[in-house]
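Hi,

Here is the structure I promised to pass on. Have a look at it first, and then read on for what turned up.

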Amino acid sequence: QSETRKKLLELFSEAKGDFISGQKISEILGCSRTAVWKHIEDLRKEGFELEAVRRLGYRIVNTPDKVTANEIQLGLKTETLGRYIHFEEEVTSTQTIAQKLAYEGAKEGTLVVAEQQIAGRGRMARNWFSPKGTGIWMSLILRPPIPPQKAPHLTLLTAVAIAQAIQDVTGLVPDIKWPNDILINGKKCVGILTELQAEPDRIHSVIIGMGINVNQTVEQFPEDIRAIATSLAIEKGEKIKRAELVQEILFKIEMLYRQYLQHGFRPIKLLWEGYAISIGKEITARTLSGTLRGMALGITDEGVLMLEDADGNIHYIHSADIQL
Ligand code: BT5
């Protein structure tokens with residue numbers, strides 16, 4: 001059933017808005033014309049707008065702003081990422097589900113997406129505000145053949161991919177704040193949370209959690225973060241199709257990930273530096289062991305932040321909150 005659905009969406013995706021005859025659909029799917037009609041009705045119930053014209057067949061006029069597996073897979077350009085999607089309307093956290101799936105052996109590229117998280121998480125047990133239907137709350141499972149120390153590379157790689165995708169889809173120009181924030185006009189629009197299942201020398205899986213504020217209005221943010229948070233729609237002044245952005249993000253991650261596995265972190269680092277706002281500036285870094293102030297010199301080949309204090313000592317910072 002779901003395989004047939006997948007094939008049907010692929011057909012519409014290939015047709016790029018042109019008509020496909022009912023006859024052709026039933027031949028390709030290997031089902032009766034009545035069954036085709038039922039599939040079309042199901043898609044309509046989910047919010048797809050489909051036009052049916054006698055003798056011409058069916059065409060897609062509009063897709064809903066949902067982030068179900070169907071919407072994401074219709075037009076998806078990747079080879080492996082997002083080819084299996086686990087969608088739920090409401091979850092505690094997509095990270096928790098992805099971890100469980102990874103533990104059970106889910107393939108690389110498996111994506112967990114939800115319309116709403118009731119206990120979305122940030123780093124260090126902080127909350128991530130994830131209201132229904134307005135943002136992208138998703139977790140991607142990767143199984144990179146790299147040692148655990150290199151996992152921070154994937155956070156930076158993901159930040160670059162999301163920044164590129166935002167730029168391509170919306171025209172907005174994002175900044176990256178080390179290690180895991182994407183800002184637009186100085187406000188946080190994206191947070192990334194990377195979690196590992198690993199042995200000392202080997203990664204079993206990396207779960208990359210991505211939270212992207214897409215269509216929220218200012219009033220929809222809780223008061224305590226209203227001054228520091230923003231959404232793409234606020235910055236752009238118009239709503240954005242979330243599924244389209246998810247597709248672009250997965251595509252960009254796949255390209256960069258492939259490049260990373262072939263050529264290492266260097267090319268990714270260069271791209272990252274192009275988006276980084278915190279480098280070459282005086283910053284304050286709050287770490288678990290204390291607060292440091294100094295000049296952010298850059299990141300090492302491991303993705304570690306280098307900070308030079310007033311005495312000229314260089315500190316290597318693995319994890320912190322940065323203030324400019
Ligand atoms: C992060 O943590 O920025 C990582 C956020 C990762 C969220 C994704 S959503 C899908 C997946 N499933 C999850 O449960 N999590 C991941 P951190 O750097 O610790 O930032 C957290 C801080 O950002 C909070 O303490 C708030 O101040 C602020 N914040 C919370 N929700 C926000 C939002 N929607 N937009 C902007 N800022 C927010």
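How far apart should the ends of helix 6 (residues 152–170) be, at 1.5 Å a residue? This is a predicted model, by the way, so please read everything below as computed from it. Helix 6 has 19 residues, which should span 27 Å, and its end C-alpha atoms are indeed 27 Å apart, so expectation and model agree. Helix 6 is also largely enclosed by the rest of the structure, because 15 of its 19 residues are buried. Right after helix 6 comes Gly-171, with a positive phi near 80°.

Now the overall layout. The protein chain is divided into domain 1 (2–62), domain 2 (69–275) and domain 3 (282–323). Between the C-alpha centres of domain 1 and domain 3 there are 55 Å.

Then there is the pocket. The largest pocket has a volume of about 1000 Å³. Its lining takes in 43 residues, and those closest to the centre are Asn-127, Trp-128, Asp-181, Lys-188 and Ile-228. Domain 2 and domain 3 both contribute to the lining, so the largest pocket lies between them. By type, the lining has 18 nonpolar, 15 polar and ten charged residues. Several elements supply at least two lining residues each, among them helix 5 (94–103), strand 5 (135–142), helix 7 (223–226) and strand 14 (321–323). Which element gives the largest share of the lining? That is strand 8, with five residues.

Trp-128, one of the residues closest to the centre of the pocket, sits in the loop between strand 4 (111–117) and strand 5. Is Trp-128 buried or exposed? Its relative accessible area is 17%, and buried means under 20%, so Trp-128 counts as buried. The C-alpha atoms of Trp-128 and Leu-297 are 169 residues apart along the chain and separated by 29 Å.

Strand 8 (187–199) is also worth following on screen. On one side, strand 8 runs antiparallel to strand 7 (181–184), joined by four bridges. There, Val-190 of strand 8 stands opposite Ile-182. Strand 8 also pairs with strand 9 (202–213), again antiparallel, over ten bridges. Ile-192 has Met-210 in strand 9 as its bridge partner. Two residues separate strand 8 from strand 9 in their hairpin, and the hairpin of strand 7 and strand 8 has two residues between its strands as well.

Last, a few backbone oddities. Most residues other than glycine have a negative phi, and most peptide bonds are trans. Asn-185, in the loop between strand 7 and strand 8, has a positive phi near 50°. Asn-185 is exposed, with a relative accessible area of 61%. Lys-16 also has a positive phi, of about 50°, although it is not a glycine. You will find Lys-16 in the loop between helix 1 (2–15) and helix 2 (22–29), and at 73% relative accessibility it counts as exposed. Which peptide bond is cis? The one from Trp-178 to Pro-179, with omega near -5°. Pro-179 belongs to the loop between strand 6 (175–177) and strand 7.

Cheers

Terms used:
Residues are numbered from 1 along each chain as its sequence is written. This is a predicted model: local features need pLDDT of at least 70, side-chain atom pairs count only at pLDDT 80 or more; totals for chains, interfaces and linings use all residues. Side-chain values use heavy atoms; hydrogens and water are left out. On a 1 Å grid over the protein atoms alone, a cavity is a set of points where a 1.4 Å probe fits but cannot get out, and a pocket is an open set with protein on both sides within 12 Å along at least five of seven lines; lining residues have an atom within 4 Å of a point. Grid points are joined across faces, edges and corners, and a volume is the space filled by probe spheres set on the points. Ala, Val, Leu, Ile, Met, Phe, Trp, Tyr, Cys and Pro count as nonpolar, Asp, Glu, Lys and Arg as charged, and the others, Gly among them, as polar. Domain bounds come from an automatic or database domain assignment. The expected span of a helix is 1.5 Å times one less than its number of residues. Buried means under 20% relative accessible area, exposed over 50%, partly exposed in between (1.4 Å probe, protein chains only). Two strands pair if DSSP finds at least two bridges between them.
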